[in-house]
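Okay, thanks everyone, let me put this one up on the screen. I'll walk through a few spots and then take comments.

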Amino acid sequence: MTRVRIRPGARRVMEMLAIFAALGAFAAVLTHGHGFAGIQPHPLWVPVIAMALAYGTGAGVVAATLASAWWLVEAQGLMERGDYLDRLLHVSLPPLMWFVAAAVIGEVTLTRTRRHDRQARKLAAARHDLARLGGAIEELTRTNRALQVHIATDERTTGHVIAAAARLAAPDEATRRAALAELVARAAGTTDFTCYLVAPDRSAHPWLTGTTDARRPPALSEALVGVIANRREVLHVARRRDRTPLDTIGVAAVPLYHAGGGEMVGCLVLHDIPFAAFRAQALAELNRIGHWLAPLASAAQRGGDVRATGRVA
């Protein structure tokens with residue numbers, strides 16, 4: 001069943017007319033048509049006070065106007081008897097009091113209503129903020145749980161890194177190389193890489209490779225080594241000027257320098273990583289990889305891992 005919605009203004013008019021109709025019926029039945037002239041306080045106070053209390057000054061003034069019109073009609077018989085000034089005061093005093101009461105009570109009602117509305121808006125805003133806070137807490141809880149699962153299953157956790165680093169001191173050369181390759185793979189986020197050492201002829205040949213079975217350049221030319229050395233920064237395909245030198249070798253190249261920023265001793269080439277990895281934080285991580293890998297590459301170069309021909313020993 002469809003509910004009929006009545007507008008607030010129409011509802012006020014209906015309520016006001018209902019009160020005056022009830023008073024009219026009361027006067028007709030109980031006073032036998034003589035009105036409320038002999039009743040004190042006058043019953044016409046009822047609609048004035050009710051409307052002013054319920055809806056404010058406007059409704060109260062309208063009710064006072066209707067009550068005054070009723071009163072003036074009812075008081076016509078009083079104007080013919082007694083002193084004129086006394087009759088005038090007696091007739092005009094009730095309407096004046098009704099208008100004053102409607103204004104005073106109505107303004108108090110409006111003030112209370114405005115205060116209530118402000119509190120209601122604050123309460124709604126607080127509930128909205130509480131709901132948003134609850135949603136944020138739930139999101140943080142989900143993120144925390146996902147992070148805990150990720151830490152528990154991620155192969156790049158501290159425990160795995162420490163275990164790989166411990167194998168760097170192994171007496172077997174193959175074990176040390178595998179451990180170093182694992183550390184590089186964990187730090188770079190890819191197993192498709194090659195670390196080249198610079199040979200005396202300024203070419204570069206593989207010294208350390210990842211576990212991905214892929215075709216890798218057997219050497220880096222002297223010209224390419226010169227380009228990488230002169231940039232003194234990470235080259236990556238997200239930068240337009242770096243795409244040409246990296247076209248045949250991979251997607252990123254990290255130069256490795258002697259301590260103190262001297263001559264380049266090697267280059268870590270990443271052959272394949274996601275394009276999204278070229279953000280500021282990832283590039284900073286690649287720079288850190290270059291910092292800790294450079295001394296190892298320098299030691300390998302001094303130790304003769306690369307012969308005069310540039311081949312891996």
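Before the sheet, one convention: two strands count as paired if DSSP finds at least two bridges between them. Also keep in mind that this is a predicted model.

So, the sheet. We've got an open one with 5 strands, running β2-β1-β5-β4-β3, and the pairing is antiparallel. At the edges sit β2, residues 204–209, and β3, residues 235–236, each with a partner on one side only. And how many bridges hold β3 and β4 in register as a pair? There are 2 bridges, in the antiparallel sense, with β4 covering residues 252–257. If you want to find that spot on screen, look for histidine 236, which stands opposite alanine 252 in β4.

Next, another histidine, number 271. You'll find histidine 271 in the loop that links β5 (264–270) to α8 (280–302). Buried or exposed? Histidine 271 is buried, because its relative accessibility is 12% and the cut-off for buried is under 20%. Its side chain reaches the backbone oxygen of isoleucine 249 at 2.6 Å. Setting aside neighbours within four places in sequence, histidine 271 also has contacts including Asp192, Phe193, Tyr196, Arg216 and Val251.

Last stop, helix α3, residues 57–74. I did the length check here: 18 residues at 1.5 Å a residue should span 26 Å, and the end C-alpha atoms are 25 Å apart, so that agrees. As for what's tucked away on α3, the buried residues include Ala59, Gly60, Ala63, Ala64 and Ala67, plus Trp71 and Glu74.

That's my tour, over to you.

Definitions and conventions: Residues are numbered from 1 along each chain as its sequence is written. This is a predicted model: local features need pLDDT of at least 70, side-chain atom pairs count only at pLDDT 80 or more; totals for chains, interfaces and linings use all residues. Side-chain values use heavy atoms; hydrogens and water are left out. Helices (H or I, at least four residues) and strands (E, at least two) are DSSP runs, numbered from the N terminus. Buried means under 20% relative accessible area, exposed over 50%, partly exposed in between (1.4 Å probe, protein chains only). A polar contact is a pair of N or O atoms within 3.5 Å; within protein, one must be able to donate a hydrogen and the other to accept it, and residues adjacent in sequence count only if both atoms are side-chain atoms. Contact means heavy atoms within 4.5 Å. The expected span of a helix is 1.5 Å times one less than its number of residues.
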